[in-house]
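Let's work through a few exercises on a single chain. Have the sequence and the 3D view ready, and try each task before you read its solution.

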Amino acid sequence: MKTFIIGATGMAGEAIVAEAVKNGIKVVANGRNVEKLTQLKEKYPAISILEKDAFSLTADDFAGMDVIVDAFSTSPVQAYRHVDLATKLVAMFRNQKTRIAFILGAGSLYADQSKERLVYDNIRSDDSTKAWRATPENQLYELEFLRNVHNVNWFGISPAISFVPGQKSESILTGTDFALRNDNGASETTSGTMGYAMVQELLHQRHEQERFTVANG
């Protein structure tokens with residue numbers, strides 16, 4: 001299997017690279033920072049690297065890939081680019097077998113079983129949150145867009161409410177549209193858990209044209 005990872009030097013991207021290499025998947029790691037990509041190559045010599053802006057990627061860059069993983073991240077000021085990149089990838093892979101995997105935010109998950117509010121709805125809308133609120137908002141728009149795409153082989157994964165660096169959890173919770181919490185009430189996904197969940201989905205293909213969510217147990 002050959003996988004192209006956009007945003008490979010970010011928190012989620014690097015965790016996916018590590019897990020993919022561990023499972024014998026051939027990886028092309030993409031990013032804009034050549035220094036970070038070089039460091040990633042030093043840690044995982046088996047990978048190939050491509051220093052290029054995600055919005056400049058062409059069909060030739062993706063040639064021969066089985067899966068494209070969109071682990072792109074940007075500043076809240078440019079959060080709309082999450083939607084822009086999703087539309088670019090969808091346009092490129094209409095009616096093709098190549099899978100496209102998206103790391104989606106927790107904002108689009110229901111806050112609880114009542115289905116009355118999304119996690120995004122619970123973020124206070126005031127000056128103290130305005131600077132970063134755009135990221136979960138635009139990842140919500142990204143999922144809404146994807147849910148209306150029916151001729152592209154896509155899937156998405158949302159973390160729990162708190163997405164933080166860390167190793168894979170010994171126990172992992174999985175769900176669909178609700179924010180998951182462990183027995184202590186914590187709603188957290190570490191990057192290692194996300195990397196593991198992503199690679200397991202790449203290997204076993206349990207989800208098609210849908211989003212699921214994972215959290216530390």
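Four exercises follow, each with a worked solution.

This is a predicted model, in which local features need pLDDT of at least 70 and side-chain atom pairs count only at pLDDT 80 or more, while totals for chains, interfaces and linings use all residues. Residues are numbered from 1 along each chain as its sequence is written, and side-chain values use heavy atoms, with hydrogens and water left out.

**Exercise 1. Describe the overall build of the chain.**

Step 1: Begin with the secondary structure, which comprises five helices and ten strands (DSSP runs, H or I of at least four residues for helices and E of at least two for strands, numbered from the N terminus).

Step 2: Turn to the radius of gyration, taken over C-alpha atoms; the globule rule is 2.2 Å times the number of residues to the power 0.38. The chain has a value of 16 Å, close to the 17 Å that the rule gives for 217 residues, so it is as compact as a globular protein of that length.

Step 3: Add the box, roughly 45 × 35 × 35 Å along the principal axes, which the C-alpha atoms fill.

**Exercise 2. Work out how the chain packs in sequence terms.**

Step 1: Take contact to mean heavy atoms within 4.5 Å.

Step 2: Keep the contacts between residues at least 6 apart in sequence; 72% of these join residues at least 24 apart.

**Exercise 3. Find the centre of the largest nonpolar core.**

Step 1: Such a core is a set of buried Ala, Val, Leu, Ile, Met, Phe, Trp, Tyr and Cys residues joined through side-chain atoms within 4.5 Å. Buried means under 20% relative accessible area, exposed over 50%, and partly exposed in between, with a 1.4 Å probe and protein chains only.

Step 2: The largest core has 26 residues, and Val17, Val27, Val69 and Met198 touch the most other members.

Step 3: Elements giving two or more residues include α1 (11-22), β2 (26-31) and α5 (191-204). Helix α5 gives the most, with five residues.

Step 4: Beyond neighbours within four places in sequence, the contacts of Val69 include Ile16, Ala101, Met198 and Leu202.

Step 5: Phe62, Phe72, Leu143 and Val149 belong to a second, separate core of 22 residues.

**Exercise 4. Decide whether Gln200 is buried or exposed, and place it.**

Step 1: Gln200 is in helix α5.

Step 2: Its relative accessible area is 17%, so Gln200 is buried.

Step 3: Not counting residues up to four places away in sequence, Gln200 touches Gln205 and Arg206.

Step 4: Ala20 is 180 residues away from Gln200 along the chain, yet their C-alpha atoms are separated by 9.2 Å.
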